[in-house]
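Good morning, and thank you for coming. Please open the sequence and the structure now, and keep both in view while I speak.

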Amino acid sequence: MPKKGGATAINSKYQADQAVPTKRCKISLESSPSPLCFDSPASLFQSLISPMGQEEFFQDYWEKKPLHLQRSDPALASYYKSLFQLSDLKSLCSKGLVYAKDLNVCRCVQGKKKVLNKNGGVNHNVLKKDFDQKKATIQFHQPQRFKDELWKIQEKLECYFGSLVGSNVYITPQESQGLPPHYDDVEVFILQLEGEKHWRLYSPTVPLAREYSLEPEERIGSPTHDIILKAGDLLYFPRGTIHQADTPIGVEHSTHLTLSTYQNTSWGDYLLDVFPSFLFDSMKNDIAMRHGMPRGLLMGTGVTPDTNRRLASFLRGLADKMDADGQELRSTDMRRDFVTSRLPPYAQDQDETAPSGKMPALEDRVRMRYKSHALVTVEPSQERTDEATELVVFVLHSLRNRREGHMMGRSSGVSEDDDGEDDDEEDDQDVAQSQGLRFPLSHLQALRQLHQTESLPLAQLELPSDGDKLNLALALWTESLLEVC
């Protein structure tokens, strides 16, 4: 997954950032109805894998084996083509595209990837010449930055999976192949948009791989699947699946969209994320874990068979404690990283994510907005003081994330300023803070009331005073996270 960008600091006095949200273009709606159902994240995914049901998909295919869904639906094929097509490149090149950043031009030659990028900005005539004459594949990075319907689809899928969803478009001329055999570290959904593509899939050498890798032809054996993907078809395969694809003879060109998700979202990744804080908390109540380790251990001179036995004993004790206590595990980075880096809510107008309606009053009934984009989390305070670490409540959200920077590295944060390398250390510290609000731990239950119920009277918030209730509601309303019913 690309390195995440820096973010603006959280306001620690209940007051939301008053900055105007990043301006978004008015979206022109399609005249024909979409064959996908956007009523909810689940309905969107269901319509994407139709006619298969979600239960069958996750039981039989997810992380297990490839799935090829053949469709003979002209309406669906037409809709897929509208998502991205070869002819779109001319207008997109006028938006200041840059080689490597926005697209790659490449071709597989004798089993190796040959990159044909030029320096600087992309000229459409030069790009088309490479496509026609050099039979190069055009790999367009993260088209959801420019294509509204892809923004709409991927934002819903991020809500569904609770994980970042990236995309690339691959346009390959006939009798050509863009990439050599390789496997990825993401779950992959291929949507065939134009033409046809010949896919060969092979058994993984590293099942559910955690990194991208090329695989030479002599190592991969015979394909387990040999597929012609046609417009409107969908192909899914798990991370680690070795694959290569070419455009068959007689097909003018192929355009397909790759949707990818679940990078570094395994149980092991989650354990890496939650274990440090759990271990730190456990040390407070276990003097045996606070005893000093043997002299010379760090230099290797104090290592004995008893060292591993001692550590194993601590780990067993921690596992028993985790199982017995049932306490909520605190994420260190993963949840915050997701909220900071994901797409903002799909909106036809920027006013949709501005504060809504009248300011809340104590006698009002209220509800939380954009729950699928908001996160209530308990974390150590980020303030640097000489006092003991204090736990506080953060309400993080993605309402003002920049769609234009989604999955594009450092620029994917909410801040539009880039002051260069001198600010790298400050940016890294800001990643620990995300757009949103900070409250004392005493506000946790009231925030959970709002997040877990459809609506409730403001006066029923579980806070000690009416002033606290009103201040909480005003802070959330100012941040566009609450409205009066």
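In this predicted model, D466 forms a salt bridge with K469, and their closest N and O atoms are 3.9 Å apart. Why are these two residues separated by about one helical turn? Both belong to helix α14, residues 466-478, and they are three residues apart there. An α-helix has 3.6 residues a turn, so residues three or four places apart point the same way. The two partners are not equally covered: D466 is partly exposed, with a relative accessible area of 45%, while K469 is buried, at 10%. Salt bridges can also share partners, and such bridges join E63, E187 and R239 into one network.

Let us turn to salt bridges elsewhere. How many does the structure hold? The number is 20. One of them pairs R403 with D148, with 2.9 Å between the closest N and O atoms. R403 lies in the loop between β17 (391-397) and α12 (424-431), and D148 lies in helix α6, residues 148-161, so this pair ties together parts that are 255 residues apart in sequence. Is R403 buried or exposed? R403 is buried, with a relative accessible area of 11%, whereas D148 is partly exposed, at 24%. Side chains of opposite charge can pair when their charged atoms come close.

Another salt bridge joins the side chains of D246 and R200, at 3.7 Å from N to O. Here too distant parts of the chain are linked: D246 sits in strand β13 (residues 242-247) and R200 in strand β9 (residues 196-202), 46 residues apart. D246 is buried, because its relative accessible area of 15% is under the 20% cut-off.

I now come to the sheet. Eight strands form an open sheet in the order β1-β12-β8-β14-β5-β4-β2-β3, with antiparallel pairing. Which strands stand at the edges? They are β1 (67-69) and β3 (112-115); each has a single partner strand, so one side of each is left without a neighbour in the sheet. From one strand to the next, the twist averages 25°.

Consider each edge in turn. At one edge, β1 and β12 pair in the antiparallel sense over three bridges, and L67 has Y236 in β12 as its bridge partner. At the other, four bridges join β3 to the antiparallel strand β2, residues 103-109; there, C106 is partnered by V115 of β3.

Strand β12 (residues 234-237) also pairs with β8 (residues 187-194), again in the antiparallel sense, over four bridges. In that pairing, L191 has L234 of β12 as its bridge partner. In a regular strand the side chains alternate between the two faces of the sheet. For β12, both faces are covered: L234 and Y236 on one side, and L235 and F237 on the other, are all buried.

Finally, please look at the surface and at helix α10. M293, L298 and M299 make a nonpolar surface patch of about 420 Å². M299 is placed in the loop between α9 (287-290) and α10, and M299 is exposed, with a relative accessible area of 72%. Helix α10 itself, residues 305-325, has 21 residues and reaches 31 Å from its first C-alpha to its last, close to the 30 Å expected at 1.5 Å a residue. What follows α10? The next residue is G326, whose phi is positive, near 65°.

Methods. Residues numbered from 1 in each chain as written. Predicted model: local features only at pLDDT ≥ 70, side-chain atom pairs only at ≥ 80, totals over all residues. Heavy atoms only, no water. Expected span 1.5 Å × (residues − 1). Pairing = 2+ DSSP bridges. Axes fitted to C-alpha atoms, helices over the stretch in contact; angles between N-to-C directions. Buried < 20%, exposed > 50% of the residue type's maximum accessible area, 1.4 Å probe, protein only. Patch = residues over 30% accessible without salt bridge, like charges linked within 9 Å, V, L, I, M, F, W, Y side chains within 5 Å. Areas by Shrake-Rupley, 256 points an atom, 1.4 Å probe, with all protein chains shown as cover. Salt bridge = Lys/Arg side-chain N within 4 Å of Asp/Glu carboxyl O.
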